[in-house]
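Please consider the sequence and the three-dimensional structure shown below. The paragraphs that follow lead through a selection of local features.

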Amino acid sequence: MSISKVYEWTIFNLMAPQCPLCTLPAQPDSGLCPGCAADLPALLRPGQTLCRCGLPLPGAPPPAGTLPPLCGRCLHRPPPFERVVTPLAYAFPLDRLILGHKQQRRPALERAFLWLWRQQLPLHGAQRPDLLVPVPLHWRRLWWRGFNPAAQLARTASLALDIPMQPVLARHRATPSQQGLSAAARRRNLAAALRVTHDIRGRHIALIDDVVTTGSTARMASQVLRDQGAARVEVWALARTLPPD
Ligand SMILES: [Zn+2]
Ligand SMILES: [Zn+2]
């Protein structure tokens with residue numbers, strides 16, 4: 001790690017004395033107080049297992065070394081990524097925090113997110129991605145929001161995990177409104193809007209986003225990366241939107 005990165009990482013570590021949910025003193029590892037860490041909305045309930053797309057399914061987890069089961073949508077159209085790593089459901093109070101993080105960078109929150117990711121990620125050997133790639137925002141939205149939360153998360157994860165981050169996905173143009181379009185038209189829309197700016201052949205990529213909502217963006221971005229030669233793609237997000245019961 002370079003000296004400037006060590007400096008940035010040290011500053012980041014000094015900036016989280018309080019739990020970002022309640023302002024009580026935070027634990028040094030999680031960046032949250034123990035009560036809030038226990039209250040976060042878990043994605044999995046007892047008796048459930050995760051599909052490769054990150055949605056919970058009924059059933060026990062598969063034995064180690066075997067592939068996870070697929071939900072109906074993934075059976076119909078297998079995802080181009082290996083798995084979605086999302087520790088939490090997009091629900092209260094996490095949704096408020098993520099919305100707040102879209103407006104303004106929150107180092108204390110990023111620390112908590114990294115702690116959650118770390119508990120789920122096998123980061124050793126062949127399981128370790130060699131490149132982190134944020135989902136891009138179009139520049140007009142970048143200007144409006146001030147920053148890309150996915151890029152900031154990828155940058156923080158890069159510092160913490162010592163995996164390089166490179167924004168190799170770029171948008172050609174503002175993605176036209178997706179409203180009222182068929183699923184196929186939405187996919188064409190998104191695919192045409194994304195391009196890859198660097199040679200990624202043979203790379204094992206973790207695509208970083210803050211929230212996976214329908215999974216369409218993650219699928220499309222992963223497909224574009226695979227089409228350009230990425231050997232493996234997985235998706236890391238803070239939270240997964242659950243379909244209504
Ligand atoms: Zn708290
Ligand atoms: Zn699925």
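**Backbone, metal site and sheet**

Aspartate 162 is partly exposed, with a relative accessible area of 44%. The structure is a predicted model, and every value discussed here was computed from it. Aspartate 162 lies in the loop between α7 (149-161) and β6 (169-171). Although this residue is not a glycine, aspartate 162 has a positive phi of about 60 degrees. The reason for remarking on such a value is a general one: most residues other than glycine have a negative phi, and most peptide bonds are trans.

Threonine 23 also shows a positive phi, near 70 degrees, and is likewise a residue other than glycine. Threonine 23 belongs to the loop between α1 (3-14) and α2 (34-39). Its relative accessible area is 51%, and because the limit for an exposed residue is over 50%, threonine 23 counts as exposed. For aspartate 162, the value of 44% falls between the limits of 20% and 50%, and therefore that residue is classed as partly exposed.

A further backbone feature concerns a peptide bond. The bond from phenylalanine 92 to proline 93 is cis, with omega near 0 degrees. Proline 93 is placed in the loop between β4 (88-89) and α4 (94-103).

The metal site may be considered next. Which residues coordinate the zinc ion (ligand 2)? The donors are the SG atoms of Cys51, Cys53, Cys71 and Cys74, at 2.2 to 2.3 Å. Their spacing in sequence follows the pattern C-x1-C-x17-C-x2-C. Within this set, cysteine 51 and cysteine 74 link distant parts of the chain, being 23 residues apart. Cysteine 51 sits in the loop between β1 (48-50) and β2 (56-58), whereas cysteine 74 is in helix α3 (residues 72-76).

The angles among the 4 donor atoms of the zinc ion (ligand 2) run from 106 to 115 degrees, and the site is tetrahedral. For comparison, the ideal angle for four tetrahedral donors is 109.5 degrees. Three of the coordinating residues can also be described by their accessibility. Cysteine 51 has a relative accessibility of 3% and is buried. Cysteine 53 is buried at 8%, and cysteine 74 is buried at 1%. The structure holds 0 disulfides.

Attention now turns to the strands. Strand β8 (residues 204-212) is mostly covered, with 9 of its 9 residues buried. Strand β5 (residues 131-134) runs parallel to β8 and is joined to it by 4 bridges. Proline 134 stands opposite isoleucine 208 in β8. Strands β8 and β9 are also parallel, and 8 bridges join them. Here isoleucine 208 has tryptophan 236 in β9 as its bridge partner. Between these two strands the chain passes through helix α9 (residues 216-227), forming a β-α-β crossover that is right-handed.

Tryptophan 236 leads to one last feature, an aromatic contact. The structure holds 1 aromatic pair. Its members are tryptophan 117 and tryptophan 236, whose ring centres are 5.8 Å apart. Why is the pair classed as tilted? The ring planes stand at 55 degrees, which is neither under 30 degrees, as stacking requires, nor over 60, as an edge-to-face arrangement requires, so the pair counts as tilted. The two residues come from distant parts of the chain, 119 residues apart: tryptophan 117 from helix α5 (residues 107-120) and tryptophan 236 from strand β9 (residues 232-240). Both tryptophan 117 and tryptophan 236 are buried.

Conventions. Residues numbered from 1 in each chain as written. Chains lettered and ligands numbered in written order. Predicted model: local features only at pLDDT ≥ 70, side-chain atom pairs only at ≥ 80, totals over all residues. Heavy atoms only, no water. Disulfide = S-S within 2.5 Å. Buried < 20%, exposed > 50% of the residue type's maximum accessible area, 1.4 Å probe, protein only. Donors = N, O, S within 2.8 Å, 3.2 Å for Na, K, Ca; no water. Tetrahedral: all angles 85-135°; square planar, octahedral: opposite > 155°, others 65-115°. Phe/Tyr/Trp six-rings, centres within 6.5 Å; stacked < 30°, edge-to-face > 60°. Pairing = 2+ DSSP bridges. Right-handed = clockwise from strand over helix to strand, strands pointing away.
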